[in-house]
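Student: I'd like a close look at a single part of this model: one spot from the inside of the fold, followed outwards to whatever packs around it. Please keep it informal, but give me the cut-offs as you go.

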Amino acid sequence: MNTMEITKYVGAFCGSLLVFLLITTAASSIYNTSSDVVAFSVEIPESTAEAAPEEAPAEAVDVATLVAAADPGAGETVFRKCSACHKVDGSDGVGPHLNGVVGRPVGAIEGYSYSDSLAGHGGAWDAGELYAFLENPKGYAPGTKMAFAGLAKSEERANVIAYLETTAP
């Protein structure tokens with residue numbers, strides 16, 4: 001490699017640096033990125049407790065009336081969310097079978113291993129208890145093994161309970 005080739009390589013490198021420097025200078029003159037002016041700002045209240053609206057008290061729900069007016073056919077459709085773990089044919093899956101659950105004592109299936117919170121709960125699964133459980137299983141029975149988050153819509157809960165009433169053995 002002779003001196004002329006080395007001079008060409010160094011010249012090409014310096015020329016490339018010069019081109020990049022010119023591009024940076026031109027871009028800086030076109031786009032000002034060091035401005036103190038904020039293009040978009042979001043105002044955040046100083047205290048979220050003061051800004052939060054007061055919650056209205058929860059209205060009492062007449063579960064018996066809701067279930068009486070519910071559609072078991074629609075409940076069967078909603079029950080598909082439950083069918084990944086529960087069956088209505090008398091056999092247990094991941095969860096206990098649910099045929100005949102309305103009126104059955106809580107945690108009463110022989111041979112099924114319930115969580116401590118449901119095994120020691122007592123009482124029976126009437127429409128009101130099922131309604132509260134289906135709304136928020138972990139809130140109703142803290143420590144339950146049921147991973148389902150619950151059914152948010154009141155009509156869906158009522159329809160599922162109406163459907164479960166039709167599955168009695």
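**From the cysteines to helix H6**

Tutor: Cys-82 is buried, with a relative accessible area of 11%; buried means under 20%, exposed over 50%, and partly exposed in between, using a 1.4 Å probe and protein chains only. Before going further, this is a predicted model: local features need pLDDT of at least 70 and side-chain atom pairs count only at pLDDT 80 or more, whereas totals for chains, interfaces and linings use all residues. Numbering starts from 1 along each chain as its sequence is written, and side-chain values use heavy atoms, with hydrogens and water left out.

Back to the cysteines. Cys-85 comes out as partly exposed, at 35% relative accessibility. The cysteine sulfur closest to that of Cys-82 belongs to Cys-85, and at 8.8 Å it's too far away for a bond. It works the other way round too, since the closest cysteine sulfur to Cys-85 is the one in Cys-82. With a disulfide taken as a pair of cysteine sulfur atoms within 2.5 Å, the count comes to 0.

Now the wider fold. The chain has 8 helices and 0 strands, where helices (H or I, at least four residues) and strands (E, at least two) are DSSP runs numbered from the N terminus. Along the sequence that reads α-α-α-α-α-α-α-α. Of the 169 residues, 25% are buried. Taking contact as heavy atoms within 4.5 Å, residues 24 or more positions apart account for 45% of the contacts in the chain with a separation of 6 or more.

The part I'd zoom in on is helix H6. Its buried residues are Ala-127, Leu-130, Tyr-131, Phe-133 and Leu-134. A bit of helix geometry helps in reading that list: an α-helix has 3.6 residues a turn, so residues three or four places apart point the same way. What do the buried residues of H6 pack against? Their partners are helix H3 (63–68), helix H5 (116–119), helix H7 (137–140) and helix H8. Gly-128, also in H6, is partly exposed, with a relative accessible area of 34%. The C-alpha of Gly-128 sits 9.7 Å from that of Ala-158, 30 residues apart along the chain.

Phe-133 is the H6 residue to keep on screen. Phe-133 counts as buried because its relative accessible area is 7%. Skip the neighbours within four places in sequence, and Phe-133 touches Leu-118, Trp-125, Tyr-140, Ala-141 and Met-146. From C-alpha to C-alpha, Phe-133 and Arg-157 are separated by 9.5 Å, at 24 residues apart along the chain.

Some of that is ring packing. Rings of Phe, Tyr and Trp (its six-membered ring) pair if their centres lie within 6.5 Å; planes under 30 degrees apart count as stacked, over 60 as edge-to-face and the rest as tilted. There are 5 aromatic pairs in the structure. Tyr-112 and Tyr-114 make an edge-to-face one, 4.9 Å centre to centre with 75° between the planes. Phe-133 and Tyr-140 are also edge-to-face, at 5.5 Å and 80°, and both of these residues are buried. Bring in Trp-125, and ring pairs link Trp-125, Phe-133 and Tyr-140 into a cluster. As for Tyr-114, it counts as buried because its relative accessibility is 16%.

Next door in sequence, Ser-115 is in the loop between helix H4 (72–78) and H5. Ser-115 is buried too, at 9% relative accessibility. Beyond four places in sequence, Ser-115 is in contact with Gly-143, Thr-144 and Lys-145.

Finally, the largest pocket, which holds about 530 Å³ of space. Closest to its centre, out of 31 lining residues, are His-86, Gly-95, Pro-96, Phe-133 and Met-146. On a 1 Å grid over the protein atoms alone, a pocket is an open set of points where a 1.4 Å probe fits, with protein on both sides within 12 Å along at least five of seven lines; lining residues have an atom within 4 Å of a point. Grid points are joined across faces, edges and corners, and the volume is the space filled by probe spheres set on them. H6 (127–135) and H8 (154–165) each supply at least two lining residues, and the largest share, 3 residues, comes from H6. The lining splits into 22 nonpolar, 6 polar and 3 charged residues, with Ala, Val, Leu, Ile, Met, Phe, Trp, Tyr, Cys and Pro as nonpolar, Asp, Glu, Lys and Arg as charged, and the others, Gly among them, as polar.
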